[in-house]
Amino acid sequence: MPLPLYLLAMAVFAMGTSEFMLVGLLPDIASGLDVTVGTAGMLTSAFAIGMIIGAPLVAALARNWPRRSSLLGFILAFAAAHAVGASTTSFPVLFTTRVVAALANAGFLAVALTAAATLVPADKKGRALAVLLSGTTVAVIAGVPGGSVLGTLLGWRATFWAVTGLCLPAAIGILKGIPTGRVQNDATGGPPLRAELAQLTRSRLILMMLLGALVNAATFGSFTFLAPVVTDAAGLGELWISVVLVLFGAGSFVGVTVAGRLSDQRPGPVIAVGGPLLLIGWPALAMLADDPAALLALVFVQGALSFALGSTLITRILYEAAGAPTMAGSYATVALNVGAAVGPLVAAIALSTAAGDRGPLWASGLLVAVALLIAFPLRTVIAAGHSAEVLR
């Protein structure tokens, strides 16, 4: 894989750390800015909604900009938003910085997903996507627990400053490693925006986006509420929360790496095997959560299966949207973040039911079941490779 892919992954790591780090910082933020924890939780929603709206909007605006300049501008805007957020004493200002950061993140990821696909041969999009998404999985493994520890020791503002600092070497790497040129494959002659948006009328693309959103909703729904499962259901101490997050992230890294080698040529087996196993795994985790050994093992397995299946579906989105060379990345970004926004909402509802702390795990199983019920009658379409017939 070319070096620029790893430079993009470094930036995705910084952005992924920011997106997920609030899980452990909300009480500290609420106390520091004199708001309720529920109000502070709006920061998470603001980021997710900004990503959903911002991905297609910013990608459309930046579609004819030079690729390197776009990526550099987005990551610098992201860093600036965190610097302002770390300095402010006003919750409305912090809320605004999260929206700005989400828009910058959405624009970066939309362009980066498209750029990654053009940096490799046409039949290696899945492997390129695996490298790019490894930034997110490493953020889950190291960035989020590290941010939580840093926030505990030095306060939530230190974590925001740390994210700002992470953006700077990534920006230098982009400046040095990403070739100049426009987002389109050619500086001129690419399809008009209307033609790229028309790709959204294709039923196969919508199907892949829907399945990707459902699987990612299941993933982020349970991930968001792993802490009470660890401390209440399993009866472990708070330090074990970071251990469980690291295990989930390690599993996700394994999953996305393995799937990256299969999703280009053989997506069918990944979906046919991974989907049912993922469906079994969430209820199994819910039933065995009081056994620490089973909890630790299943968290790793579910992280691997979730990201293997999720990244494969995101790869299928890029293939199905091949007729939208500058917008395909934004469609994949929307699917990811609809899941990231909807999943925790569904899980929060499940948390208030009789299932209690295990409710989010049951909810994740239900979301995967819905995805499989939709996918089963259309399995031959989903399993189709990267042939020209599929791309048309």
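Ala-284 counts as buried because its relative accessibility is 18%, where buried means under 20% relative accessible area, exposed means over 50%, and partly exposed is in between (1.4 Å probe, protein chains only). This residue sits in helix H13, residues 267–288. Its C-alpha atom is 9.3 Å from that of Gly-365, although the two are 81 residues apart along the chain.

A quick word on what you're looking at. This is a predicted model, where local features need pLDDT of at least 70, side-chain atom pairs count only at pLDDT 80 or more, and totals for chains, interfaces and linings use all residues. Residues are numbered from 1 along each chain as its sequence is written, and side-chain values use heavy atoms, with hydrogens and water left out.

**The whole protein**

The protein has 18 helices and zero strands. Helices (H or I, at least four residues) and strands (E, at least two) are DSSP runs, numbered from the N terminus. Of the 392 residues, 55% are buried. The accessible surface is about 15000 Å², with 71% of that belonging to carbon and sulfur atoms; such areas come from the Shrake-Rupley method with a 1.4 Å probe, and for residues only the protein chains shown count as cover. Now take contacts (heavy atoms within 4.5 Å). Among those between residues at least 6 apart in sequence, 84% join residues at least 24 apart.

**Helix H14**

H14 runs over residues 292–320. With 29 residues, this helix reaches 42 Å from its first C-alpha to its last, close to the 42 Å expected at 1.5 Å a residue; the expected span is 1.5 Å times one less than the number of residues. H14 is mostly covered, with 23 of its 29 residues buried. At its start, a side-chain oxygen of Asp-291 comes within 3.1 Å of the backbone nitrogen of Ala-293.

Thr-315 is also part of H14, and counts as buried because its relative accessibility is 1%. The C-alpha atoms of Thr-315 and Gly-260 are 8.7 Å apart, with their places 55 residues apart along the chain.

**Salt bridges**

How many salt bridges are there? The count comes to two, taking a salt bridge as a side-chain nitrogen of Lys or Arg within 4 Å of a carboxyl oxygen of Asp or Glu. Here they are:

| Salt bridge | Closest N and O atoms |
|---|---|
| Glu-320 with Arg-202 | 3.3 Å |
| Glu-320 with Arg-204 | 3.7 Å |

Glu-320 lies in helix H14 and Arg-202 in the loop between helix H9 (193–197) and H10, so this pair ties together parts that are 118 residues apart in sequence. The pair of Glu-320 and Arg-204 links distant parts too: Glu-320 in H14 and Arg-204 in H10, 116 residues apart. Salt bridges that share partners join Arg-202, Arg-204 and Glu-320 into one network.

Is Arg-204 buried or partly exposed? Arg-204 is partly exposed, because its relative accessible area is 28%. Glu-320 and Arg-202 are both buried, and Glu-320 has a relative accessible area of 1%.

**Thr-219 in helix H10**

H10 spans residues 203–224, and Thr-219 is found there. Thr-219 is buried, since its relative accessible area is 2%. What does it touch, leaving aside neighbours within four places in sequence? Thr-219 is in contact with Phe-248, Trp-282, Ser-306 and Phe-307. A polar atom of the Thr-219 side chain also lies 3.0 Å from the backbone oxygen of Val-215.

Definitions and conventions: Polar contact = N/O pair within 3.5 Å; in protein donor to acceptor, adjacent residues only side chain to side chain.
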